[in-house]
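Me: I should like to learn how to read the features of a protein model. May we work through one together?

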Amino acid sequence: MPPDEQSGSAAQVLELVANGTAASRADLVRELGLAASTVSARVQELVDAGLLTESGEGASRGGRRPRLLRVADHGAVALAADLGSHHIRTGAVGLTGTAWDIEECAFDLTAGPGPALDVLAERLTALADRQRAAGRTVRGAGIGFPGPVDTADGRVIAPSRMPGWHLFALRDRLADRLGLPVLLDNDANVLALGEHRAAHPALRHLVVVKAGRGIGAGIISDGRLYRGARGSAGDISHVRVDEAARLPCSCGNIGCLETVASGAAIAAALREQGFRADSTTDILRLVGNGEPHATTLVRQAGRDIGAVLAVVVNFFNPEAVILGGALSGAEPLVAAVRGMLYERCLPMATGELVIKAAARGPDAGLLGAGHAALRELPTVHGK
């Protein structure tokens, strides 16, 4: 079981205080159902580590007024990187969700893991130097990668269209270069974490889709990220859809969702029609200009994504479906997803379902990667 999912762990205690669920030791006892002595030990570990503070007095429910717990905001940060197939976005994320020194540079991950590791290590080392110069303590790094990741081993697993990356030990290689502990996860998972914590902390069950050059999804179940048995939970990109017919996919199968509904597929279809479309930015530009071919393709992509999500919503019954990634900026896609969910899902599943575009835009993945690294710090350091 990953450290952040262990019931009653220091990481879970930190998360409950950070998201406002618990403000005192008594709140934690009620929320976790653990003995007061166990909760007190976890709290003291976090106070000693400088991650929590305890001061003041809260409202009494009978007896002594409890002392209030708060996340320490003294400059502890995690370096964070959200990798796309053609960009690297970096920044430093604090315990309360504040981000500093966010930058983005163009980079093609298909160039291979060696060049990517060099660029990533160089940018994160410079970022760490800037944080230390500003008086902040760097506790580790969190990385979101655009492909399947074995989070236990810290390796990339057979990413589509990325030769040379299979079984690359990105976590350990980067940790050696930085001299810091590193957390590695899928980009859709860190997007889900960032969007949940920053914009929807009160919701317990969410599906957060990343629709950009590729397609993926992260699942928040009972307030925590759900990775599944091997870390592939939420991978909707290789679900077979009728619209794809017998189109070959980079995974080796045919008819996968990403062959018709991903940004790469839409851009390729537009180029076949004579349009300049090399990226999702070009797609959004064409849709924004009212180009009917682009709008039709994006709307159909939304219907295809919505058809897959309808099965997910009926099965999982989330409180919200959040659409992130670059293509979520195309309103026809969001509207088409919404329409398919209302058409194909049970009324009980959609009666109070929130369906909307992500609120934190391109920073959501960065915030999630940093938050995940900070949340696992007590376990990383044996505290």
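The dialogue below takes up the sheet, the cysteines, one serine, the cores and two backbone angles.

Me: What kind of model is this, and how are its residues numbered?

Reply: This is a predicted model, in which local features need pLDDT of at least 70 and side-chain atom pairs count only at pLDDT 80 or more, while totals for chains, interfaces and linings use all residues. Residues are numbered from 1 along each chain as its sequence is written, and side-chain values use heavy atoms, with hydrogens and water left out.

Me: In what order do the strands of the open sheet lie?

Reply: Strands of a sheet pair through backbone hydrogen bonds, either parallel or antiparallel. Here helices (H or I, at least four residues) and strands (E, at least two) are DSSP runs numbered from the N terminus, and two strands pair if DSSP finds at least two bridges between them. The open sheet has 5 strands in the order β5-β4-β3-β6-β9, and its pairing is mixed. Its edge strands, each pairing on one side only, are β5 (99-106) and β9 (182-186). Strand β6 (residues 137-145) runs parallel to β9 and is joined to it by 5 bridges. Phe 145 stands opposite Asn 186 in β9.

Me: Which helices pack on this sheet?

Reply: Contact means heavy atoms within 4.5 Å; axes are lines fitted to C-alpha atoms, for helices over the stretch in contact, and angles run from 0 to 180 degrees between N-to-C directions. Helix α4 (residues 113-133) packs on the sheet, touching β3 (76-84), β4 (87-94), β5 and β6, and its direction makes about 155° with that of β3. Helix α5 (residues 170-178) also packs on the sheet, where it touches β6 and β9, and its direction makes about 145° with that of β9.

Me: Why is there no bond between the sulfurs of Cys 249 and Cys 251?

Reply: A disulfide is a covalent bond between the sulfur atoms of two cysteines. The rule applied here asks for a pair of cysteine sulfur atoms within 2.5 Å, and by this rule the count is 0 disulfides. The closest cysteine sulfur to that of Cys 249 is in Cys 251, at 3.7 Å, which is too far for a bond.

Me: Is Ser 24 buried or exposed?

Reply: Buried means under 20% relative accessible area, exposed over 50%, and partly exposed in between (1.4 Å probe, protein chains only). Ser 24 has 4% relative accessibility, so this residue counts as buried. Ser 24 is found in the loop between α1 (10-18) and α2 (25-32). Leaving out residues up to four places away in sequence, Ser 24 touches Pro 66, Arg 67 and Leu 69.

Me: Which residues touch the most other members of the largest nonpolar core?

Reply: A nonpolar core is a set of buried Ala, Val, Leu, Ile, Met, Phe, Trp, Tyr and Cys residues joined through side-chain atoms within 4.5 Å. The largest has 38 residues, and Ile 305, Leu 309 and Leu 341 touch the most other members. With 8 residues, α10 (292-316) gives the most to this core. A second, separate core of 32 residues includes Ala 116, Ala 141, Val 156 and Ala 175.

Me: Where do Arg 161 and Asp 222 lie, and what is the sign of phi in each?

Reply: Arg 161, in the loop between β8 (155-156) and α5, has a positive phi near 60°. Asp 222, in the loop between β11 (215-221) and β12 (224-226), has a positive phi of about 55° although it is not a glycine.
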